[in-house]
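Me: I would like to practise reading a protein backbone. Could we go through some unusual spots together?

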Amino acid sequence: MAKPSSDYDKFRWFNEARYGMFLHWGLYSQIERGELIMHTEQIPVAEYEKLADTWTVRGNPARAWARLAKRAGMKYMVLTAKHCDGFCLWDTKMTPYNAVQRGPRRDLLAQYVAAARAEGMRVGFYYSFVDWHNPDCQAFNDSPAARRRFVEFTRGLIGELLSNYGPIDMLWYDAIWPFNARTLQSRRLDQLVRRLQPRILTNDRSWIPGDFTTTEGRIVPSDPGRNWEACMMTNDSWGYAARPSCDWICPRDILRMIRSVTGAGGNLLLNVGPKADGSLPAQAEPLLTAAGNWLAQNGEAVYGKMDRRREPLNDCWTHRGNTGYYWCTVCYPRGRFAIGAVERRVQSVTLLPGGKSLKFKQEGTRLIIENLPARNPDPIAQMPVLKIIFG
């Protein structure tokens, strides 16, 4: 493969995408108590392995996932190719513990890649280094022979993932215990990854920095100049769990997360855990669609290369050049209100959606806006945006 022309080309899609879909799906989805059930309930390997023969998948669910991701305003997808339980969703030659030789009897990863590409999504694979099914992983720190076998097993699996499905945009590592960069031979592995997929992006969970920083369950910006992403849940579980509706977030929660990552120059990878048959929980579609409808109207405040937040007072801002977007996330300010700590001169203020021009004046660092409509103009999430052009 030809090398990418520049790092800007390599990172451009990631910096402009802003928002992606994370999918945790595997044998554990049948139990409906989350992706770590084998560990948390200490299920023996022989007992857990029986799930490989009872797993049935209805049709090609990845098509529905990808269509929903597009409606939701997402630009990329990441699926758990192999989680900690060791079951592989693709036609691997490294282990018979896979979706082609067991249960579903098909290459689920191939279906996912085709569905994502059909909807214009960038494609990512999640890969867990930990493998509770492989005895060499359990003996990794105690047996040099087991360690050598497991490192080559890992290289073989990742080599397949990056050789058999065309261009892959992201390799999302996870589960780094009990390894370290030396014992896992992380730099040698990274050389393999770059040789097979020169344009791929990797996260920082292989004991070396990778291309971007990942934070889990919290939004914490990386150091300036470092690409970053926050992965977050739509409920209290990554893999499917039969959670009550009160455990689910709402569209305003999603938009607040998007605002926070956008304002700090990062991305949001938002998780949905499909049921065992591949169907999505009933709460997922209306939740993601509502947020997507809002983004369709207000996307200029989100997508594309954005600047890190300049206004010091709060995180209600996103910025691009001389344009600032102030998100009314707490409550809709009817009539007259002020934004504090605005240190630049303002040329115009308009209301999104719709583009209504608003009257304003500046008194020191206060920007006072005087003719907001009495009724909230955003029926989707009650979260309008003020577009402010600075001089």
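Me: Is A341 buried or exposed?
Reply: Happy to help, and keep in mind that this is a predicted model. A residue counts as buried when its relative accessible area is under 20%. A341 has a relative accessible area of 18%, so A341 is buried.

Me: What is phi of A341 near?
Reply: Here is some background: most residues other than glycine have a negative phi. A341 is a residue other than glycine, yet its phi is positive. You can find A341 in the loop between β11 (335–339) and β12. Its phi is near 60°.

Me: Where is R105, which has a positive phi although it is not a glycine?
Reply: The phi of R105 is about 60°. To place R105, look for the strand β2 (76–82) and the helix α6 (108–118). R105 is in the loop between β2 and α6.

Me: Does R105 count as buried or exposed?
Reply: The cut-off for exposed is over 50% relative accessible area. R105 has 55% relative accessibility, so R105 counts as exposed.

Me: Which residue does the cis peptide bond from W177 lead to?
Reply: Most peptide bonds are trans. The bond from W177 is cis, with omega near 10°. The residue it leads to is in the loop between β4 (170–174) and α9 (181–184), and that residue is P178.

Me: What is omega near in the peptide bond from L352 to P353?
Reply: P353 is found in the loop between β12 (346–352) and β13 (356–357). The peptide bond from L352 to P353 is cis, and its omega is near -10°.

Key
Residues are numbered from 1 along each chain as its sequence is written. This is a predicted model: local features need pLDDT of at least 70, side-chain atom pairs count only at pLDDT 80 or more; totals for chains, interfaces and linings use all residues. Side-chain values use heavy atoms; hydrogens and water are left out. Helices (H or I, at least four residues) and strands (E, at least two) are DSSP runs, numbered from the N terminus. Buried means under 20% relative accessible area, exposed over 50%, partly exposed in between (1.4 Å probe, protein chains only).
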